[in-house]
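Got your viewer ready? Let's take a short walk through some charged side chains, one selection at a time.

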Amino acid sequence: MTTLASGTDTLTRDALTVLQPGFTGTTAPDWLLRRLGEGLASVGLFGRNIASPGQLAALTAQLRAERDDVLVAIDEEGGDVTRLEVRNGSSFPGNHALGAVDDVELTRQVAHELGRRLAACGVNLNWAPSADVNSDPRNPVIGVRSFGADTGLAARHTAAYVTGLQSAGVAACTKHFPGHGDTAVDSHHALPRIDVSADVLAERELAPFRAAIAAGTRAVMSAHILVPALDPDRPATLSHRILTGLLRDELGYDGLIVTDGMEMRAIAGTYGIERGSVLAIAAGADAICVGGGLADDATVLRLRDALVSAVRAGELPEERLAEAADRVRALARWAGTAGTAGRPAEGTHGTEIGLHAARRALTVTAAPGLGDPATFKPLTEPPYVAALTPVANIAVGDETPWGIAAELIHLLPGTVTGSFSAGDGPESEAGENAGRAALQAAGPRRIVAVVRDEHRHPWMASALDALLAARPDTVVVEMGVPQAAPRGALHIATHGAARVCGRAAAEVIAGPMGR
């Protein structure tokens with residue numbers, strides 16, 4: 001049963017209620033349980049908190065033993081961004097793969113099954129889907145997390161995803177409002193800026209959010225981006241014009257507004273997390289997400305006290321803080337009544353839907369003059385897999401494996417692998433060096449070169465140049481956004497780097513049963 005410490009006054013309780021902190025470890029620390037007793041209403045989970053479905057279910061049960069209506073949130077997009085399967089790779093392809101298929105019913109089914117797995121583990125709020133239109137191919141943080149660069153496609157699949165996820169009893173949190181797609185800067189590191197007109201924003205960036213609102217999304221996450229056409233002074237997370245004027249008043253959204261992680265440099269490096277949190281609530285946000293990097297009691301107390309002090313100093317209306325806290329509690333009530341819908345289904349459909357979607361998402365082509373993909377004969381001898389590995393963005397993390405090596409080893413035992421990166425030298429030399437090193441390591445074996453966003457990494461393109469000049473029969477697998485022209489004797493675009501995407505590509509290369 002929910003209990004609140006009797007000594008916690010209403011203002012302090014409301015300040016705790018609007019926080020969504022993270023923590024370290026696979027069990028709830030004592031400080032977190034104490035704060036739940038004092039009014040904290042939400043907890044954010046990350047890969048560091050998850051070892052297995054059973055452990056996760058035990059953790060969420062531990063949280064609910066202290067507060068039965070706690071919102072347990074997670075950043076589980078499927079695809080490249082997975083927390084449930086952070087150590088092995090996701091069983092579900094991400095948004096870009098679903099957009100490549102462009103079957104809204106498939107998207108709904110994938111989101112529903114993902115939601116059922118979350119609900120079975122006691123998670124009831126998912127910081128997904130990404131509704132960003134990936135209109136800038138240089139985007140370093142969205143990319144395959146987007147359904148695509150077409151506004152209509154992104155809108156219809158965002159709505160399908162919201163519907164599927166919430167039909168499993170898990171609240172969707174559509175992000176990153178008002179749209180993080182037209183950026184070449186990662187807001188984890190700096191403050192991105194989108195310099196387009198209000199008309200372009202309305203027609204392009206806002207369309208998927210309108211679709212999500214129409215589909216009933218229970219939460220929306222703000223973006224730490226500066227959009228001068230809407231507010232020349234403050235990023236969206238801190239902008240009353242954007243969160244209240246646009247999202248609330250113009251778009252008619254009345255659900256929960258959650259901030260992106262306040263410890264991200266776009267906010268922490270400019271305003272600081274305490275000042276940023278006060279400004280976000282004043283602007284119209286209802287919940288402060290913090291804990292991807294800052295995950296301790298001291299952070300929670302700093303933010304709680306900053307909010308309380310701002311109210312007492314007249315900088316933050318007490319009514320605004322109370323309204324925000326009420327929205328958090330309202331979502332918790334919805335989640336409490338909807339949660340029973342999310343139990344895993346019997347049979348194979350649920351367990352196979354991700355692989356089915358990944359197979360459908362493949363695009364198999366070849367460079368002109370190098371053969372017909374339709375006549376490609378699966379390999380019968382174990383190849384050499386050269387993974388050209390970029391630095392992972394923070395949202396994806398570097399702890400989640402990617403590629404096709406593990407799947408090819410399963411299908412073709414004896415497959416040998418190697419990983420190559422830009423290294424420390426000049427980028428003009430790094431690619432040539434990586435290509436030569438891969439050729440030497442491969443020896444006489446057939447080469448399978450695996451890349452991720454070749455178009456964003458000149459060293460990677462140079463490495464492929466070296467490989468293909470010496471070995472034109474090389475198979476190329478692109479596991480990012482397939483922006484670069486196809487090349488190689490066989491070119492497979494997976495539209496994402498989830499484990500099932502690697503499995504689907506490996507089946508083409510080796511045949512579904514392997515040797």
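## Stops on a salt-bridge tour

Start by selecting R487 and E454: the two form a salt bridge, and their closest N and O atoms are 2.7 Å apart. This pair ties together distant parts of the chain, 33 residues apart. R487 sits in the loop between β13 (475-478) and β14 (490-493), while E454 is in the loop between β12 (447-451) and α16 (458-470). Keep in mind as you click around that this is a predicted model.

Now colour by accessibility. Is R487 buried or exposed? R487 has a relative accessible area of 16%, so it counts as buried, the cut-off being under 20%. E454 is buried too, at 8%.

Next, select R138 and D136. Here's another salt bridge, with 2.8 Å between the closest N and O atoms. The two ends of this one sit in contrasting surroundings: R138 is exposed, with a relative accessible area of 54%, whereas D136 is buried at 7%.

For the third stop, pick R83 and D75. Their side chains meet in a salt bridge, 3.2 Å from N to O, and both residues are buried.

Don't deselect them yet. Which residues are linked with R83 and D75 in a network of salt bridges? Add E77, R145 and K175 to the selection, and you have the network on screen.

A bit of background for the whole walk: side chains of opposite charge can pair when their charged atoms come close. If you feel like wandering on, the structure holds 37 salt bridges.

Note on methods. Residues numbered from 1 in each chain as written. Predicted model: local features only at pLDDT ≥ 70, side-chain atom pairs only at ≥ 80, totals over all residues. Heavy atoms only, no water. Salt bridge = Lys/Arg side-chain N within 4 Å of Asp/Glu carboxyl O. Buried < 20%, exposed > 50% of the residue type's maximum accessible area, 1.4 Å probe, protein only. Helix = DSSP H or I, 4+ residues; strand = E, 2+ residues; numbered from the N terminus.
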